[in-house]
Amino acid sequence: MHNEMMRRPVIKPAVLNFLREQTTQLTGPLGELEKKAHQDGVPVIPHETVTFMQTLFNLQKPQTVLEVGTAIGFSASLFATCMGPKGRVTSIDRYPLMLEHAHENIAQLGLEDQITLLAGDAADILPTLTPSYAVIFMDSAKAKYLDFLPDCLRLLADDGVLLIDDVLQGGTVFDDDATIAHKNKAIHRKLNLLLTQVFSDTTLVATLLPLGDGVLMITKK
Ligand SMILES: C[S@@+](CC[C@H](N)C(=O)[O-])C[C@H]1O[C@@H](n2cnc3c(N)ncnc32)[C@H](O)[C@@H]1O
């Protein structure tokens with residue numbers, strides 16, 4: 001599985017190279033997992049997002065994280081590691097094979113007590129969850145972000161941070177709809193609706209960070 005947008009960065013190659021190669025690297029088993037994910041083409045968060053998350057967690061000191069999109073459990077393990085033993089991550093994925101790998105990786109990292117994996121579609125699981133989470137990370141099917149937004153905002157603590165990954169479509173998200181390939185049109189339209197909705201909501205304070213394929217960062221006023 002590949003994330004084609006990872007190869008279409010929205011920033012200059014030299015800057016990207018610095019962010020991926022010259023910033024602090026992950027060490028030990030988590031660093032090995034990151035390397036293996038990239039080698040196998042598993043679409044985990046890129047290294048510039050890893051260092052951003054480390055910085056954010058260091059500042060905000062969250063103890064509860066909700067993630068939509070576990071894949072092999074890399075970002076969930078990163079969050080658990082950043083928070084330390086008291087931190088708890090709940091992560092949702094609908095793809096059984098991914099969850100199998102996630103369970104194995106999390107066990108190998110000794111993080112089973114900190115990470116709860118929920119199997120199923122986030123559309124069914126999100127409405128069953130109760131508030132609140134200090135950090136929510138949405139990293140799943142992009143066409144669904146808009147549908148999941150109300151539940152994410154309901155579940156987010158008043159002083160929490162909602163991060164939505166991969167919203168820039170390799171920088172084409174603001175291109176004229178007529179220029180977008182048919183297979184990407186629905187995602188293009190839904191991401192535009194998401195961005196318009198978030199930035200016109202007067203109850204939110206948000207920004208768009210050019211990390212990876214773009215991270216939309218949302219807080220409540
Ligand atoms: C980009 S990967 C997640 C990567 C992971 N957050 C990391 O960085 O290590 C996206 C995952 O979202 C899952 N996914 C997509 N749509 C979903 C949905 N509606 N409900 C639950 N999981 C979903 C996919 O099965 C896939 O494993």
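Is K61 buried or exposed? In this predicted model, K61 is exposed, because its relative accessible area is 56% and a residue counts as exposed when that value is over 50%. The residue belongs to the loop between α3 (47-60) and β1, and its backbone has a positive phi of about 50° although K61 is not a glycine. As background to this angle, most residues other than glycine have a negative phi, and most peptide bonds are trans.

The loop that contains K61 leads to strand β1, which covers residues 64-68 and is mostly covered itself, given that four of its five residues are buried. Strand β1 pairs in the parallel sense with strand β2 (residues 88-93), over five bridges, and within this pairing V65 stands opposite V89 of β2. Between these two strands the chain passes through helix α4 (residues 74-83), and β1, α4 and β2 together make a right-handed β-α-β unit. Strand β1 is also joined to strand β4 (residues 133-138), by four bridges and again in a parallel arrangement; here V68 stands opposite M138 of β4.

The arrangement continues from β2 to β3, which pair in the parallel sense over five bridges, with I92 standing opposite L118 of β3. To get from β2 to β3 the chain crosses through α5, and this β-α-β crossover is right-handed.

Several residues in the loops around these strands deserve separate description. In the loop between β1 and α4 lies A71, which has a positive phi of about 50° although it is not a glycine. A71 counts as buried because its relative accessibility is 13%, and the cut-off for a buried residue is under 20%. In this respect A71 can be set beside K61, which has a positive phi of about 50° but is exposed. The loop between β1 and α4 also holds G73, which is buried, with a relative accessible area of 0%. G73 is 47 residues from L26 in sequence, and the two C-alpha atoms are 15 Å apart in space. A further backbone feature is found at the peptide bond from P131 to S132, which is cis, with omega near 5°; S132 lies in the loop between α6 and β4.

Attention may now turn to the pockets and to the annotated positions. The second largest pocket has a volume of about 360 Å³ and is lined by 16 residues, of which K36, D40, I72, H101 and N105 lie nearest its centre. The elements that give two or more residues to this lining are α2 (28-40) and α5 (96-108), and α2 gives the most, with six residues. By residue class, the lining of the second largest pocket divides into ten nonpolar, three polar and three charged residues. Separately, an unreviewed UniProt entry lists I45, S75, D93, D121, A122 and D139 under "binding site". One of these positions, D121, is placed in the loop between β3 (115-119) and α6 (122-125). D121 counts as partly exposed because its relative accessibility is 27%, a value in between the limits of under 20% for buried and over 50% for exposed.

Further along the chain, helix α7 (residues 145-155) is largely enclosed by the rest of the structure, because eight of its eleven residues are buried. The buried residues are Y145, L146, F148, L149, D151, C152, L153 and L155. When such a list is read, it helps to recall that an α-helix has 3.6 residues a turn, so residues three or four places apart point the same way.

After α7 come strands that pair in the antiparallel sense. Strand β5 (residues 156-165) is joined to strand β7 (residues 215-220) by five bridges, and the two run antiparallel; L163 stands opposite M217 of β7. Strand β7 also pairs with strand β6 (residues 204-209), in the antiparallel sense and over six bridges, and in this pairing L208 has L216 as its bridge partner. Strands β6 and β7 form a hairpin with five residues between the strands, in which G212 takes a positive phi near 55°.

Notes. Residues numbered from 1 in each chain as written. Predicted model: local features only at pLDDT ≥ 70, side-chain atom pairs only at ≥ 80, totals over all residues. Heavy atoms only, no water. Buried < 20%, exposed > 50% of the residue type's maximum accessible area, 1.4 Å probe, protein only. Pairing = 2+ DSSP bridges. Right-handed = clockwise from strand over helix to strand, strands pointing away. 1 Å grid on protein atoms, 1.4 Å probe; cavity = no way out; pocket = protein on both sides within 12 Å on 5 of 7 lines; lining within 4 Å. Points joined across faces, edges and corners; volume = space filled by probe spheres on them. Nonpolar A, V, L, I, M, F, W, Y, C, P; charged D, E, K, R; others polar. UniProt positions renumbered as here; feature names shortened; annotations may be inferred.
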